[in-house]
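Hi,

Here is the structure I said I would pass on. Have a look at it first, and my notes follow underneath.

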Amino acid sequence: MASWIRVLLLLLACLLPALVESRVRHYKFNVVLKNTTRLCSTKPIVTINGRFPGPTLYAREDDTVLVKVTNHVKYNVSIHWHGIRQLRTGWADGPAYITQCPIPQGQSYVYNFTITGQRGTLLWHAHILWLRATVHGALVILPKRGVPYPFPTPHKEVPVVLGEWWKSDTEAVINEALKGGVAPNVSDAHTINGHPGFVAPNCTTEGGFKLSVESGKTYLLRIINAALNEELFFKIAGHNLTVVEVDATYVKPFKIDTIVIAPGQTTNALITANQNSGKYLVAASPFLDTPAVAVDNLTATATVHYSGTLSNSPTTLTSPPPRNATQVANSFINSLRSLNTKTFPAKVPLKIDHSLLFTVSLGVNPCPSCKAGNGSRVVASVNNVTFVMPTTALLQAHFFNTSGVFTSDFPANPPNAFNFSGGLPANSSLATTNGTKVYRLAYNSTVQLVMQDTGIIAPENHPVHLHGFNFFVVGKGLGNYNPKTDPKNFNLVDPVERNTIGVPSGGWVAIRFLADNPGVWFMHCHLEVHTTWGLKMAFLVDNGKGPNQSLLPPPKDLPTC
């Protein structure tokens, strides 16, 4: 009998890991207003479960996640799980009027997706209007049980969410700007885990976020830029950061004292508490190498606080880089390389089916009612097309074959060739064309996309996010992309893999990806003001022929328009 029990226990021991390898995780997100005070000023903000930033969502690779979102506010709402591949589950991706109609007040929708082949730090945020200013949080994907990190195991892991804060209602800020046809007011402060720190001279009631550490221990910071409109430098006085991951993909570790992180990007970095006991300043400050564009110049602060340090001890300070410190930014960006090991290979597409060149630009269109803009409106475009949001979600129109919602004639190249980084020739029009256009891709086709900044109005760094895919950043440069010479310098061995990439100010970036995810996938600038102005488009990926190569049918509770 005892031998049978031993056999049974042995079988259970063998089967149990398989049974618990993946699980279903349930979350409830209630969208509610919450009176919140920052900078000695109180206003109601839209939140998830009354928290700012919102709750951290935890899962493991291969888990299925179900998030029931119930809307209790006057605004329509949708939530995007930024960086999740959403293989065949585009209905759960979240951008309003692209993959779903938004959730009206008083209604709910369950986002149902499985995390396949991903682990690391991502974020979730609202994807309608400017609600993501306060509706955002960390999304942490742990490795499968028993699978170690490809770097030393930290003593503790800490999400660090960077953001922006306006004293005014952000919807009023953008609505006023759109009414006048001009740029919106910049934020009043940056935040670290929801707090600006000691930035307001006449407001001494607020402290900042405090990271408590023990001497000799190593900590993993899961750094997220959830700001609406600004790229940020991040540094800690007296400490180096060892970068191990970006956008939930592992990189070859490297040490650096300052990272740069654009809206929608994430960076995992190790910090070792190897300095004298005390308090050390943490600083998040803006990066913008375009003098023509206004920026919130305030630096958000927090502190690293060694255990045993008295609260009134002096803080070791650090100076943030100048806002136009391009060299500091490039020092970080140019150090990023995929891990490219047997376990985590860099599968860069080598044969290309679609070679695309997209200009990302600002422009000016007529607007007779725009008094502040003197009868004109600032707009943005991709290949001179300013995207017009539909009133029916593109994915629904595609799935149900509804005509009249979009056209599939998005241009593969700019309509006119000119000295892109130098700006338009004299007497050229700043006007763009309007359209709801997608670019169609066959399943499993390969894409090389070069995104080129232009000098129209002003050159500017545009962090572009592609939904539904990761991509490899194979090259970048200043000036105009040269299709004959620049590809010779592409990194096709270990390029960094991301979901959001900055198109350099006055330059270009080249990415490659495999279109292995059927559906309609939004691509847009993650500076919210540029998205609002029309710097967006979508890829439509057709179904494949295999049994697991087709978009799944929509869920029964999918909101209607």
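Serine 78 has quite a list of neighbours: leaving out residues up to four places away in sequence, it touches Gly94, Pro95, Ala96, Gln100, Tyr111, His125, Ala126, His127 and Ile128. Keep in mind that this is a predicted model. The serine itself sits in the loop between strand 4 (64–71) and strand 5. Buried or exposed, you may ask of serine 78? Its relative accessibility is 0%, so serine 78 counts as buried, the cut-off being under 20%.

Two residues on that contact list also have polar contacts with the serine 78 side chain. A polar atom of the side chain lies 2.7 Å from the backbone oxygen of glycine 94. The side chain of serine 78 also reaches the backbone nitrogen of alanine 96, at 3.5 Å.

Now for the cysteines. How many disulfides does the structure hold? There are two.

One of them is formed by cysteine 101 and cysteine 561, with the sulfur atoms 1.8 Å apart. This link is left-handed, with -95 degrees about the S-S bond. It ties together distant parts of the chain, as its two cysteines are 460 residues apart. Cysteine 101 is in the loop between strand 5 (79–82) and strand 6 (108–114), while cysteine 561 is in the segment after strand 33 (536–541). The two ends also sit in opposite surroundings: cysteine 101 is buried, with a relative accessible area of 1%, whereas cysteine 561 counts as exposed at 54% relative accessibility. For cysteine 561 that follows because exposed means over 50%.

The other disulfide joins cysteine 367 to cysteine 370, S to S 2.0 Å. Which hand does the disulfide of cysteine 367 and cysteine 370 have? The torsion about its S-S bond is about 65 degrees, so it is right-handed. Here cysteine 367 counts as buried at 6% relative accessibility, and cysteine 370 counts as buried too, at 0%.

One more cysteine for your notes: cysteine 525 has 0% relative accessibility and so counts as buried.

If you open the model, I would start at serine 78 with its contacts to glycine 94 and alanine 96, then go on to the link between cysteine 101 and cysteine 561, and finish with cysteine 367 and cysteine 370.

Cheers

Note on methods: Residues numbered from 1 in each chain as written. Predicted model: local features only at pLDDT ≥ 70, side-chain atom pairs only at ≥ 80, totals over all residues. Heavy atoms only, no water. Disulfide = S-S within 2.5 Å. Helix = DSSP H or I, 4+ residues; strand = E, 2+ residues; numbered from the N terminus. Buried < 20%, exposed > 50% of the residue type's maximum accessible area, 1.4 Å probe, protein only. Polar contact = N/O pair within 3.5 Å; in protein donor to acceptor, adjacent residues only side chain to side chain. Contact = heavy atoms within 4.5 Å.
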